[in-house]
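Dear colleague,

I am handing over the structure we spoke about, with the sequence alongside it. Please look through it before reading my notes.

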Amino acid sequence: MAVMVYNTLSRQYEEFVPVEEGKVSIYVCGITPYDHSHIGHARPAVFWDVVRRYLTHKGYKVKLVANFTDIDDKLINRSKQTGIPIPEIAEKYIQEYLECMDKLGVQRADVYPRASEVIPEIIDAVQTLIDKDFAYESSGDVYFRAGKFAGYGKLSGKKTEELMPGARVEVSELKESPLDWALWKASSPGEPGWPSPWGKGRPGWHIECSVMVHKHLGPQIDMHGGGTELVFPHHENEVAQAEAVSGVEPYVKYWVHSELLNLEGEKMSKSLGNVVYLHEVVKNHDPMAVRLYLLNAHRRKVLDFSEELLRSAEKGWERIQTGYRNALEFLSNPTAQGLRDASKLAEATRQSRKAFFESMDNDFATPGALAAVFDLVTAINAHVVPREKDTSDSDARQRVAEAFGLLVECLGILGLVPETGRPTASQESDISGSLVDILVEIRNTARQRKDYATADYIRNKMADLGIVLEDTPSGTKVRM
RNA sequence: GGCGACAUGGCCAAGUGGUAAGGCAGGGGUCUGCAAAACCCUUAUCCCCGGUUCGAAUCCGGGUGUCGCCUCCA
């Protein structure tokens with residue numbers, strides 16, 4: 001089935017047809033590593049990780065590129081304030097970001113280009129723009145001549161006449177028009193910079209993305225992502241630069257933007273000071289629950305951050321994992337019985353599969369896909385958890401295996417990795433594992449002679465240590 | 001002021017014309033020594049007003065509200 005994508009450029013759903021059959025090129029605007037990343041930065045990262053997994057699952061060869069803007073005003077200022085060299089600051093926050101991504105189960109991009117690594121290419125592109133009369137030099141700066149690019153405004157839907165009155169930026173006399181933007185900025189004394197035909201300077205913000213896309217993915221790519229706040233001016237300018245340089249149109253076939261993450265109804269942003277740091281969130285919460293929380297809202301809907309929502313996601317994630325474990329335990333126990341009519345499970349599996357893939361095909365609607373996963377979990381639990389009065393079914397093992405297979409497939413696409421429960425011997429020392437077994441044994445002996453005081457004492461004390469005991473008809477389960 | 005997105009139960013959130021998914025929370029039940037987990041049952045007519053249609057949460061028009069962009073920002 002075809003994948004439908006909502007394209008910012010056309011403001012419509014379009015059938016996804018890659019530029020080159022079987023291949024998908026994706027570029028996502030990454031972070032400026034001048035400070036800790038916040039939870040909002042994780043939204044597009046997780047979203048694109050899922051898109052990538054999904055398209056790969058569908059058989060596409062996907063190449064994903066995400067940049068780091070490691071030279072800009074904020075970094076320069078931070079360096080001035082702290083006395084720490086820019087590369088050191090950038091490196092620190094890039095590493096922290098990547099560590100958070102690892103925890104969230106975000107697979108590494110194929111390339112993480114940095115602005116500072118493509119200076120020669122940027123200079124080339126700027127020179128090309130000057131040669132083509134799309135740009136001009138002015139006192140060591142180089143500006144893009146917005147009015148010269150016929151399609152300017154097509155992505156954001158802005159009309160140049162309408163922008164004029166709203167332009168509240170102090171208009172630089174160096175620019176021919178307030179709409180023009182810097183491709184290259186001359187360095188002030190003491191500021192870092194690179195030699196160029198226009199003197200020592202550094203790239204403007206928008207140009208790096210155009211150049212990186214071209215370098216790593218070519219003049220035309222399938223999908224470009226980022227937060228909605230980047231549509232204008234960043235992406236608009238990117239289109240102008242890229243198409244003016246290469247002459248290839250469209251630069252990006254599908255513009256796929258992520259809505260913002262708000263805190264108490266306001267955009268989370270460092271400049272507003274209302275940020276929740278990502279490294280703290282993934283430290284204080286199960287990163288997989290954080291991932292679930294992010295995926296439970298469609299990318300084009302504003303998502304609010306709150307501890308309550310995170311707790312809700314944690315509960316939901318527990319539920320999925322319980323179903324996963326139940327199926328796993330059933331399948332690994334050859335004598336497990338107590339099933340209901342297994343044909344119902346087969347039907348539920350079929351429906352979940354349909355719902356999951358239909359949702360994903362519909363603009364990567366992860367909330368709907370998650371609903372299918374929850375339905376599947378309910379169906380699995382209903383058939384796998386032993387009950388006295390139920391009868392076994394000879395097809396059961398097969399059916400449960402199918403359902404479990406689908407669950408694994410779906411979770412794989414969503415990048416949700418369940419804990420398999422009790423740590424294995426390699427993770428936990430044999431001794432402590434044995435000690436737990438002994439305690440469980442003692443407790444069960446106590447239960448048998450109805451010494452519930454002792455049994456409950458052991459259970460409570462172990463719970464305090466994070467070891468959960470659950471008595472089931474098939475024995476006591478241990479979870480850590 | 002201009003441009004754009006969104007508005008569904010207590011909270012979160014699906015739904016791109018055919019009669020309201022799912023999660024969390026709540027209530028009732030089953031199971032259990034108790035608990036946990038699990039299962040079953042249970043809580044909405046979709047911001048307002050018009051219109052199109054046999055039929056609209058879904059399309060069109062007009063309101064109202066929230067958020068974003070027009071300045072660095074995922």
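Below I go through the overall make-up, the aromatic contacts, the charged pairs and two surface and helix features.

Please keep in mind throughout that this is a predicted model. Chain A contains 15 helices and 15 strands, and its C-alpha trace spans about 90 × 50 × 35 Å along the principal axes. Of its 480 residues, 49% count as buried.

Aromatic contacts

Searching the whole structure gives 19 aromatic pairs. One of them joins F16 and Y60 in an edge-to-face arrangement, with 5.9 Å from centre to centre and 70° between the planes. This pair links distant parts of the chain, since F16 belongs to the loop between strand 2 (12-15) and strand 3 (23-28), while Y60 belongs to the loop between helix 1 (39-57) and strand 4 (61-66), 44 residues apart. F16 has a relative accessible area of 5%, and is therefore buried.

A second pair is formed by Y293 and F305, which is edge-to-face because the ring centres are 6.1 Å apart and the planes stand at 90°. Here too distant parts of the chain are linked, with Y293 in helix 9 (residues 287-295) and F305 in strand 13 (residues 303-305), 12 residues apart. Both partners are covered: Y293 counts as buried at 4% relative accessibility, and F305 counts as buried at 6%.

Beyond these pairs, F47, W48, Y54, F356, F357 and F364 come together in one aromatic cluster. Rings also meet charges in this model: the charged end of K148 sits over the ring of F134, at 5.8 Å from the ring centre, and the charged end of K158 sits over the ring of F232, at 5.5 Å from the ring centre.

Salt bridges

Side chains of opposite charge can pair when their charged atoms come close, and the count for this model comes to 31 salt bridges. K58 and D361 form one of them, with their closest N and O atoms 2.8 Å apart. The two residues come from distant parts of the chain, K58 from the loop between helix 1 and strand 4 and D361 from helix 11 (residues 342-361), with their positions 303 residues apart in the numbering. Are the two partners buried or exposed to some degree? K58 has a relative accessible area of 30% and is partly exposed, whereas D361, with a relative accessible area of 4%, is buried.

E176 and R145 also meet through their side chains in a salt bridge, at 2.8 Å from N to O. Because E176 lies in the loop between helix 5 (160-166) and strand 7 (181-186), and R145 in the loop between strand 6 (141-144) and helix 5, this pair ties together parts that are 31 residues apart in sequence. R145 is buried, with a relative accessible area of 18%, which falls under the 20% cut-off.

The salt bridge between E402 and R399 has its closest N and O atoms 3.5 Å apart. These two residues are 3 residues apart in helix 13 (residues 396-414), so about one helical turn separates them. E402 counts as partly exposed, at 33% relative accessibility.

Some charged residues are joined in a wider arrangement, as D73, K80, K185, E191 and R202 are linked in a network of salt bridges.

Helix 2 and a surface patch

Two members of that network, D73 and K80, bring us to helix 2 (residues 73-82), in which L75, I76 and S79 are buried. Viewed down the axis of helix 2, the buried residues fall within an arc of 100°, and they therefore line one face of the helix. K80 and Q81, on the other side of helix 2, are exposed.

Finally, I431, L435, I438, L439 and I442 form a nonpolar patch on the surface, and together they have about 460 Å² of accessible area. Among them, I438 is placed in helix 14 (residues 430-448), and at 44% relative accessibility I438 counts as partly exposed.

With best regards

Definitions and conventions
Residues are numbered from 1 along each chain as its sequence is written. Chains are lettered from A and ligands numbered from 1 in the order in which they are written. This is a predicted model: local features need pLDDT of at least 70, side-chain atom pairs count only at pLDDT 80 or more; totals for chains, interfaces and linings use all residues. Side-chain values use heavy atoms; hydrogens and water are left out. Rings of Phe, Tyr and Trp (its six-membered ring) pair if their centres lie within 6.5 Å; planes under 30 degrees apart count as stacked, over 60 as edge-to-face and the rest as tilted. Helices (H or I, at least four residues) and strands (E, at least two) are DSSP runs, numbered from the N terminus. Buried means under 20% relative accessible area, exposed over 50%, partly exposed in between (1.4 Å probe, protein chains only). A charge sits over a ring if NZ of Lys or CZ of Arg is within 6 Å of the ring centre and within 35 degrees of the ring normal. Patches are made of residues with over 30% relative accessible area and no salt bridge: like charges are joined within 9 Å, nonpolar side chains (Val, Leu, Ile, Met, Phe, Trp, Tyr) within 5 Å. Accessible areas come from the Shrake-Rupley method with a 1.4 Å probe; for residues, only the protein chains shown count as cover. A salt bridge is a side-chain nitrogen of Lys or Arg within 4 Å of a carboxyl oxygen of Asp or Glu. The arc is that of the directions from the helix axis to the C-beta atoms.
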